[in-house]
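Got your viewer open and a selection box ready? Let's take a walk through this one, stop by stop.

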Amino acid sequence: MRVRAIWKRSLLTVLCGVLGWATLLLLPDGSSAPLAATDAAVKTVSPEEAFEGKEGSYARYLQDYADERPPSDEIRIEAERQPISGSGAVVAMEREGAEGSAALSGESGEISWDVDIEEGGLYHLYVRYYPMEGRSEAIERALLIDGQLPFTEAERLLFPRAWGNKEERIRQDANGNDMRPSQVEIPAWEEVALSDADGYYEEPYRFYFAKGKHRITLRSVREPMLVDYLVLRPAKEIPAYADLRASYERLRYGKPAEGTLISVQGEDAAVKSSSTLYPLADRSSPATEPFHPKEIRLNTIGGNNWRIPGQSITWTFEAPQDGLYKIAVKYRQHFVQSLEVSRRLKIDGQVPFAEANRIGFKPSGGWQMMQLGNPEEPYLFYLTKGKHRLSLEVTLGEMTQHIRSVEQAVLELNQLYRKIIMITGGSPDPFRDYELQKRIPELRETFEVEGRRLQGVIGSMEQLYGGKGERMAVLNTVAFQLLDLADDPESIAKRLDAFKSNIVALGTWMLTAKELPLEIDYLIVASEEARLPQADVSWLANAEHGVRQFLQSFFTDYDAVGATDEEAEAVDVWVTGGRDQAQLIKSMIDTSFTPQTGIPVNLRLVDPAVLLPATLAGSGPDVALASSNVIDFAMRGALQDLSVFDSFQHVKQRFAASAFVPFEYEGGVYAIPEQQTFPMLFYRKDVLEEIGAEVPQTWEEMYALIPVLNKRQLSIGLTPDVTMDILLYQNGGSYYKDGGKASGLDAEEALLAFKRWTDLYVNYKAPQQFDFINRFRIGEMPVGIADYTIYNSLVVFAPEIRGLWAFAPVPGTPESEDAIHRESASVTLGSVMFKRAKNKENAWAFIDWWSGKEAQLTFGRELEALMGAAARYPTANLEALRELPWPADDFERLMEQLEWVRGIPDVPGGYFTKRHLNNAFFEVLNKGANPRETLKDYARTINQEITVKRREFHLPTD
C-alpha cells in the first residue's frame with residue numbers, strides 16, 4: 001500500500017508538471033497563470049493587506065502610534081549648547097556656514113543630547129550636518145531614543161556626501177574626445193530629515209516622543225561628521241498640487257512668467273549624491289546635446305549609474321523674473337521595460353507638493369520630452385527671481401509596497417527552508433515520507449499565505465502597469481509553485497531544489513526591482529505658453545548618423561587608449577581588464593603622472609593571453625599591470641629586477657611584507673604589488689543565534705560547530721585550497737624549504753596539517769564544491785571562509801540579509817591562553833618591468849607613481865564610482881586601503897587578519913605543488929588512502945619536478 005501511494009503521488013506530480021508547462025505554453029506572453037486553476041478557493045490579497053511588517057519594524061511602529069497626532073510647535077536642539085555625552089561627544093571649532101560651534105560625531109562611538117518635550121506627539125527629526133573628510137562614503141548612523149532603537153530601520157540612517165566635477169569645463173584629449181571629469185567631494189552644510197535608507201517610505205520617519213525628558217543618541221557606524229543642530233518638527237502631510245495651485249491664486253503670487261525657456265544640460269549638474277553620477281557619452285542619436293559626428297562628447301547624465309533609491313542629482317538655474325514656471329525633462333528610459341521609474345522632485349531642497357514625490361517616467365526606446373504634470377495642464381511652480389536648485393532623487397514610487405511584500409515573503413520562505421532541510425537534509429530521498437506537516441505545523445499555511453501574497457503583488461502590478469511585464473515572470477513562477485505546494489506539502493521533498501532556487505530568484509528580483517535607471521539629456525524651465533523643443537530628429541538624420549558611424553569604425557584603433565607618443569622616452573604600458581578601467585588609468589596618467597614627471601605614456605588594452613607571445617616575439621611592452629605568474633617570466637630572463645633601483649626600499653614600505661613573497665626569485669624582486677586578497681570568516685548572525693552558537697575563534701571551536709550545523713542539515717563553507725593554506729601556515733609549515741630547492745610537504749608540520757585538512761572532508765563531511773554566496777544568502781551555509789572581496793558582493797547583491805551577517809578573522813590555532821595564530825595565505829597581482837624596456841628609469845618612475853598611495857586611492861575610488869561598491873578595489877597599498885570606504889568595525893577586522901597574512905613563494909616547478917596536493921587530497925577522499933604516506937609519495941614527485949626545472953635554468957639543487 002505504501003509503494004502504491006508513492007507511485008500515485010509521483011504520477012500526480014508528473015501530471016501537474018505537464019499541466020503547468022502546457023499552461024505556460026498556451027499563455028501569449030509565456031508567463032505562468034495565477035494559481036486559480038490549482039485552488040479556486042485561494043484568493044489573492046493586495047500588497048497593502050499582505051504586508052503587516054516584522055516585529056520591531058517601522059511599519060509596526062506606525063501602527064502602534066497611528067492614533068497620535070503631530071504637535072503644534074517645533075523644538076530646536078543646538079548641538080554644542082545642549083548637554084552632550086558619549087564617547088563621541090566633542091565640541092568642534094566653528095566651520096564655515098555653521099551657526100556657532102558644532103558637535104563632532106566621530107567615525108565610531110556615540111553622541112547624545114537631552115531634550116525636554118512639552119507636547120507629546122509625532123515628530124520628524126531633522127539634522128544639520130557637515131561631512132568631514134573620511135573614506136568618501138555616505139555617512140551612516142544609528143538613532144537611539146532613550147537608549148533604545150525605536151524600530152529596526154533606525155539602525156541604518158544615511159547622510160549623503162555631495163560630489164561635483166573636479167574641473168568646471170570638460171577637458172578633451174589629443175584626439176578631441178571629451179575626457180570624463182574626476183568626481184571630487186564638495187562638502188557643505190546640509191539639513192536633512194531622517195528617512196528610510198532603502199526608499200520604502202516616501203515621507204521622513206515619524207518619531208513618537210511622549211511629554212517629558214528624553215535622550216536622543218546618534219551612534220556612529222561609518223564616517224565622521226559635524227552636527228550643527230537637530231530639529232523636531234511636527235509630522236504634517238505635504239499638500240496636494242490642487243491645494244498648492246489654489247494657494248497661488250489665493251495669495252496672488254502674480255502673473256505667470258512670460259517669454260522664458262531655460263535649458264539646463266544634464267551633464268552640467270552642480271551636485272550629485274554619489275561619485276558614480278558622472279557625465280556620460282551618448283552617440284546613439286544626433287538629437288543628443290551637445291553632439292559631434294566623430295568625436296566623443298559627454299552629453300548626458302544618469303543612465304544605469306542613477307538607479308539606487310536615494311541617489312540624487314541637483315542642477316542650478318537663474319529665474320529671470322518672479323512668476324509661475326513649468327518644468328520639462330528630455331529623458332530616455334530603455335533600461336526597464338513595461339515599468340515606470342520614479343523620481344522625487346525638490347525645488348531649493350523642498351518637495352513642493354505631494355505628487356512631486358512620484359514623478360513617473362514611462363519606458364521609451366529613444367529620447368522623450370515630458371513636461372511634469374500632463375500635456376494639457378502642466379504643474380506650475382512659483383519661483384522668485386534669482387538662482388534656484390532643482391533636484392531629482394531616485395524613489396521606488398509605486399514599486400514600494402510590492403518590494404516590501406516580496407521582502408517579507410523572502411524572509412518567511414528562507415526561515416521555512418531552513419526548517420525543512422533540518423529534517424530532510426539538502427538532498428532528501430524522494431521516496432521517503434518525512435511527515436513534514438506533522439513536524440512543521442505551519443508548513444501548509446506558510447505556502448498558502450506567501451503564495452497569496454505574491455499573487456496580490458502580481459495582480460496589483462498588472463493593474464498598475466496595464467498587463468504582464470518581464471519583471472513579473474519570477475513572481476508568477478514562485479506563486480504557482482507555492483500554491484501548488486500548499487495543495488501537497490509533502491511533495492516539497494521532491495521539489496526542494498526548485499524551491500531553493502525560487503527563493504534565490506525572489507531575492508534577485510528584489511534587487512533588480514529596486515534598480516530604476518533613467519538617463520537625462522537636458523531639463524527645461526519655461527513659461528507656461530513656451531513651446532518645448534522636439535526630443536528626436538528625423539529618420540533621415542538618424543540614417544545619415546548611422547552610415548557615418550559605420551564608415552568611421554574602419555579608421556578607429558580600439559586597442560589604443562587615448563593618444564600615443566612615439567618619442568624615445570615614452571613608456572609603453574599594457575593593461576588587461578575592461579576598457580573603462582583602461583580609460584580611467586589613461587585619465588589619471590594625463591592629469592597626474594605626465595604633468596608631474598614630463599614622461600609620456602603609451603597605454604594599450606590587451607588580452608592577458610597576448611603578453612607571453614608578445615614578449616617572446618620581442619614586441620612586448622615596457623611595463624605590464626596586474627600581472628600574475630611573475631616568476632615564469634623572471635626565471636626566463638624576461639623581467640627586470642626592481643630591487644636594483646635606488647628608491648626601491650622606499651616603495652617597499654608601502655606594502656605588507658607578504659605581498660612581495662610571490663615576486664621574489666634568487667635574491668631579486670620582479671614585481672611591485674598592486675592587488676592583494678586574503679580570506680576572512682563570514683557568518684550569519686541570525687542563524688548562529690537561532691541555534692545558540694558562537695562565532696568560532698579556533699579550529700577546535702570550528703570542529704565543534706560543524707556537527708551542530710550538520711545536525712540541523714546546515715553546512716560550513718571551506719574551500720579546499722584555501723583551507724589547506726590556512727592549516728599549513730598555522731601549524732608552522734611551508735610549501736617549500738631550502739630556498740625553494742625542495743617541497744616542504746614532507747615535513748612533519750605539513751603532514752599533520754594535511755591530515756587535519758582531509759579529516760574535514762572525510763570525517764566531518766564538509767562540502768568540496770559549493771556556491772557560497774547563494775547558500776550563505778539563504779542561510780543554508782551560515783559559516784564559511786572566503787576571499788574578503790566577497791563582502792562587497794554580499795552588500796550589493798544580497799540586500800535582504802543586510803545587518804544579519806558579518807565577517808571576522810579566520811579561526812586560529814592557540815599558542816597559549818592569550819595568543820591565537822591566525823595565519824592565512826594571500827593572492828597577489830603586481831606591476832612588472834620587462835628587461836627590454838627602452839628607458840628603465842622612466843618605466844620605474846611610472847611603477848613608483850602607480851603603486852603610490854595617491855594613484856591607488858584615486859583608482860580605487862574612481863573604479864568604485866564607475867562600477868559600484870561591488871567593484872571595490874583590493875589594493876595592496878596599505879595607506880590606500882585604509883582610506884577606501886570600509887565601515888570602521890569591518891576595517892578593523894580586515895586589518896587584524898592582514899597582520900597574519902603570509903605569501904606563498906613561487907618557484908621553478910612550483911606548478912606541480914597544487915596539482916599533486918589535490919591529487920593526494922582526492923586519493924585520500926575517494927580511495928581511503930593513508931594521508932601521511934600519500935602526501936609523502938606526492939612530495940617526492942614534486943621534488944623531482946623542482947629539481948628538473950632548476951637544472952633547466954642552471955640553478956643549484958639539493
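What follows is a tour of a predicted model, with a residue or a pair to select at each stop.

**Stop 1: a turn with an unusual backbone**

Start by selecting Glu223. You'll find this residue in the loop between strand 13 (212-222) and strand 14 (225-234). Check its backbone: phi is near 70 degrees, a positive value in a residue that isn't glycine. Is Glu223 buried or exposed? With a relative accessible area of 1%, Glu223 is buried.

For a second case of positive phi, jump to Asn629, where the angle is about 50 degrees, again in a residue that is not a glycine. Asn629 sits in the loop between strand 29 (623-627) and helix 13 (630-634). Its relative accessibility is 48%, so Asn629 counts as partly exposed.

**Stop 2: a cis peptide bond**

Now select Glu289 and Pro290 together and show the backbone. The peptide bond that joins them is cis, with omega about -15 degrees. Pro290 belongs to the loop between strand 17 (279-281) and strand 18 (298-303).

**Stop 3: neighbours in space, far apart in sequence**

Next, pick Gly176, in the loop between strand 9 (163-165) and strand 10 (183-185). Gly176 has 11% relative accessibility and so counts as buried. Add Ile296 to your selection: the two C-alpha atoms are separated by 7.6 Å, while the residues are 120 apart along the chain.

Try Tyr382 next, which lies in strand 24 (residues 381-383). At 24% relative accessibility, Tyr382 is partly exposed. Which residue should you add here? Take Tyr248: its C-alpha is 8.0 Å from that of Tyr382, with their positions 134 residues apart along the chain.

One more of this kind: Ala845, in helix 21 (residues 840-850). Ala845 is partly exposed, at 23% relative accessibility. Select Thr597 with Ala845 and you have a pair 248 residues apart in sequence, yet 8.2 Å apart from C-alpha to C-alpha.

**Stop 4: aromatic rings**

Time to show side chains. How many aromatic pairs does the structure hold? There are 51. For a good look at one, select Phe447 and Phe499: the ring centres are 5.7 Å apart and the planes meet at 85 degrees, so this pair is edge-to-face. Phe447 is in helix 7 (residues 443-465) and Phe499 in helix 9 (residues 496-513), so the pair ties together parts 52 residues apart in sequence. Both Phe447 and Phe499 are buried.

Then select a cluster linked by ring pairs: Phe678, Phe682, Phe772, Phe776, Tyr788, Tyr791, Trp805, Phe807 and Trp886.

**Stop 5: salt bridges**

Side chains of opposite charge can pair when their charged atoms come close. In this structure there are 50 salt bridges, and a few are worth a click.

Go back to helix 9 and select Lys500, then Glu780. Their closest N and O atoms are 2.9 Å apart, and the two form a salt bridge. This one links distant parts of the chain: Lys500 is in helix 9 and Glu780 in the loop between helix 19 (772-778) and strand 37 (783-787), 280 residues apart. Lys500, at 19% relative accessibility, counts as buried. Glu780 counts as buried too, at 5%.

Now move to Glu748 and Arg932, a salt bridge whose closest N and O atoms are 2.7 Å apart. Here the partners are Glu748 in helix 18 (residues 748-762) and Arg932 in helix 26 (residues 931-952), 184 residues apart. Glu748 is partly exposed at 47% relative accessibility, and Arg932 is partly exposed at 33%.

Stay on helix 18 for Asp759 and Lys755. Their salt bridge has its closest N and O atoms 2.8 Å apart. The two are four residues apart in that helix, which means that about one helical turn separates them. Asp759 is buried, with a relative accessible area of 18%, while Lys755 is partly exposed at 36%.

To finish this stop, select Glu74, Glu191 and Arg233, which are linked in a network of salt bridges.

**Stop 6: a negative patch**

Last, switch to a surface view and select Glu258, Glu376, Glu377, Glu528 and Glu529. These residues gather in a patch of negative charge on the surface. Where does Glu258 sit? Look in the loop between helix 4 (241-251) and strand 15 (261-265). Glu258 has a relative accessible area of 54%, so this residue is exposed.

Technical notes: Residues are numbered from 1 along each chain as its sequence is written. This is a predicted model: local features need pLDDT of at least 70, side-chain atom pairs count only at pLDDT 80 or more; totals for chains, interfaces and linings use all residues. Side-chain values use heavy atoms; hydrogens and water are left out. Patches are made of residues with over 30% relative accessible area and no salt bridge: like charges are joined within 9 Å, nonpolar side chains (Val, Leu, Ile, Met, Phe, Trp, Tyr) within 5 Å. Accessible areas come from the Shrake-Rupley method with a 1.4 Å probe; for residues, only the protein chains shown count as cover. A salt bridge is a side-chain nitrogen of Lys or Arg within 4 Å of a carboxyl oxygen of Asp or Glu. Lys and Arg count as positive and Asp and Glu as negative; His and the chain ends are not counted. The place of a charge is taken as NZ of Lys, CZ of Arg, CG of Asp or CD of Glu. Buried means under 20% relative accessible area, exposed over 50%, partly exposed in between (1.4 Å probe, protein chains only). Rings of Phe, Tyr and Trp (its six-membered ring) pair if their centres lie within 6.5 Å; planes under 30 degrees apart count as stacked, over 60 as edge-to-face and the rest as tilted.
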